[in-house]
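Here is a short note to read alongside the coordinates. The points are numbered so that each can be checked in turn.

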Amino acid sequence: DEPGCGNIITFAQFLFIAIEGFINQSNFGRKKSVIPISEYLILVVMFFIVNVVNNVAFAFRISMPLHIIFRSGGLIANMIMAILILRRQYSVQKYLSVIMITLGTVVCTFASAETSEGGEEADQNFITWLMGIGLLTFALFMSARMGIYQEGLYGRHGKHPKEALFYIHLLSLPGFLLTAPNIWSHAVKFSASSPLPALAAVPVIANVPRLWLYLAGNFLTQYICIGSVFILTSECTSLTVTLVLTLRKFMSLVFSIIYFLNPFTSNHWIGTFMVFFGTMLFTDVFGQIKRALDERQKKTEEKKTE
């Protein structure tokens, strides 16, 4: 309904998580943080920029499927940043997986470009679309840099996912002053939207504009999502986290295509397969499965011997 409402969506997400954390995590400001606030500030700046840029990209003719697929290439950015900053080396399998993910992203990107109509207006739309791709690319590498910084932060002070979730969102709130006019203009548009007919008989919310209800649903589900990711990062291996997030992206992609009837050609499916197969290869899921099966067979043989 409002493709350019990324700022108000991000603000609502950050505000809700900050309020919840202020009550439950910091005990109304009485509990001191384990990690110094000064250490959070750099992480906060990067986190804020990544979230805002990713949401703003929708205003540049970026579809939800392309958005999901493009962000699935985060492994590429992480590998490049780790090589440049941490001087890490990787196996041939990981390099091959990165090539596959890169090619898959390129195929999907150009497949989306091919769906544009011809004419002068199409040229302008293509330029707008390229700007959106540029924003997503910037956010991808900024997110990778943020992950490396966060890894170092947790290495020095230990893992505190709930505290990090609260302070990152709280300290990001002043940054929204830069987008206050845009947030206000969309708040006015949200208030002018019509109520949902399906809720006409429900007390209290029967006359609430539908876009405000959509926004509430968005920041509540975002809280569950981001909170779970922060906890998962501290409780599981990076392999498990990457696999879960990859499957989440894939389910989001399928849902977006089916429910919103987004155009999805055979080239999109080829690119999608390459992205997700490459991700599985990168995280060595197939190797893990083989090792687990070998271990199971070994235990079975030992029981037979006994």
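**Notes on the model**

1. Start with a long-range pair. D1 and R210 form a salt bridge, and their closest N and O atoms are 3.3 Å apart. The two residues come from distant parts of the chain: D1 sits in the segment before α1, R210 in helix α9 (residues 210-235), and 209 residues separate them. D1 is exposed, at 66% relative accessible area. R210 is partly exposed, at 22%. Please keep in mind that this is a predicted model.

2. Next, the overall make-up. The protein has 12 helices and zero strands. From the N terminus on, the elements therefore read α-α-α-α-α-α-α-α-α-α-α-α, with helices and strands taken as DSSP runs. The C-alpha trace spans about 75 × 60 × 45 Å along its principal axes. Of the 306 residues, 41% are buried. Take the contacts between residues at least 6 apart in sequence: 79% of them join residues at least 24 apart.

3. How do α1 and α2 cross? Helix α1 covers residues 6-24 and helix α2 residues 37-56; their axes come within 8 Å and cross at roughly 140°. Angles over 145 degrees would count as roughly antiparallel, so the pair is classed as oblique. The crossing is right-handed. On the α1 side the contact is made by G6, N7, T10 and F14. On the α2 side it is made by F47, F48, N51, V52, N55 and V56. By class, this contact has five nonpolar, five polar and no charged residues.

4. Helix α1 also packs on α9. Here the axes come within 9 Å and cross at roughly 55°. This pair, too, is oblique, and its crossing is right-handed. From α1 the contact takes I8, I9, A12, Q13, F16, I17 and E20. From α9 it takes W212, L215, N218, F219, L220, Q222, Y223 and I226. The residues divide into 11 nonpolar, three polar and one charged.

5. A remark on the layout of α1. Residues three or four places apart in an α-helix point the same way, because there are 3.6 residues a turn. G6, N7, T10 and F14 of α1 serve the contact with α2. I8, I9, A12, Q13, F16, I17 and E20 serve the contact with α9.

6. How many salt bridges does a search of the whole structure find? The count is four, and the D1 and R210 pair is one of them. Side chains of opposite charge can pair when their charged atoms come close. Another salt bridge joins the side chains of R156 and E39, at 2.9 Å from N to O. R156 lies in helix α6 (residues 120-157) and E39 in helix α2, so this pair ties together parts 117 residues apart in sequence.

7. One salt bridge is local. The side chains of D294 and K290 meet at 3.2 Å, N to O. Both residues lie in helix α12 (residues 285-305), four residues apart, which is about one turn of the helix. D294 counts as partly exposed, at 37% relative accessibility. K290 is exposed, at 52%.

8. Is helix α3 mostly covered or mostly open? Helix α3 (residues 64-71) is mostly covered, with six of its eight residues buried. The buried residues are P65, L66, H67, I68, I69 and F70.

9. Two backbone angles deserve a look. Most residues other than glycine have a negative phi. N27 is not a glycine, yet its phi is positive, about 55°. N27 sits in the loop between α1 and α2 and counts as partly exposed, at 35% relative accessibility.

10. The other case is V204. Its phi is near 75°, again a positive value in a residue other than glycine. V204 is found in the loop between α8 (180-192) and α9. At 80% relative accessibility, V204 counts as exposed.

How values were computed: Residues are numbered from 1 along each chain as its sequence is written. This is a predicted model: local features need pLDDT of at least 70, side-chain atom pairs count only at pLDDT 80 or more; totals for chains, interfaces and linings use all residues. Side-chain values use heavy atoms; hydrogens and water are left out. Axes are lines fitted to C-alpha atoms, for helices over the stretch in contact, and angles run from 0 to 180 degrees between N-to-C directions. Angles under 35 degrees count as roughly parallel, over 145 as roughly antiparallel, 65 to 115 as roughly perpendicular and the rest as oblique. A crossing is left-handed if the near helix is turned anticlockwise from the far one by less than a right angle, and right-handed if clockwise. Contact means heavy atoms within 4.5 Å. Ala, Val, Leu, Ile, Met, Phe, Trp, Tyr, Cys and Pro count as nonpolar, Asp, Glu, Lys and Arg as charged, and the others, Gly among them, as polar. Buried means under 20% relative accessible area, exposed over 50%, partly exposed in between (1.4 Å probe, protein chains only).
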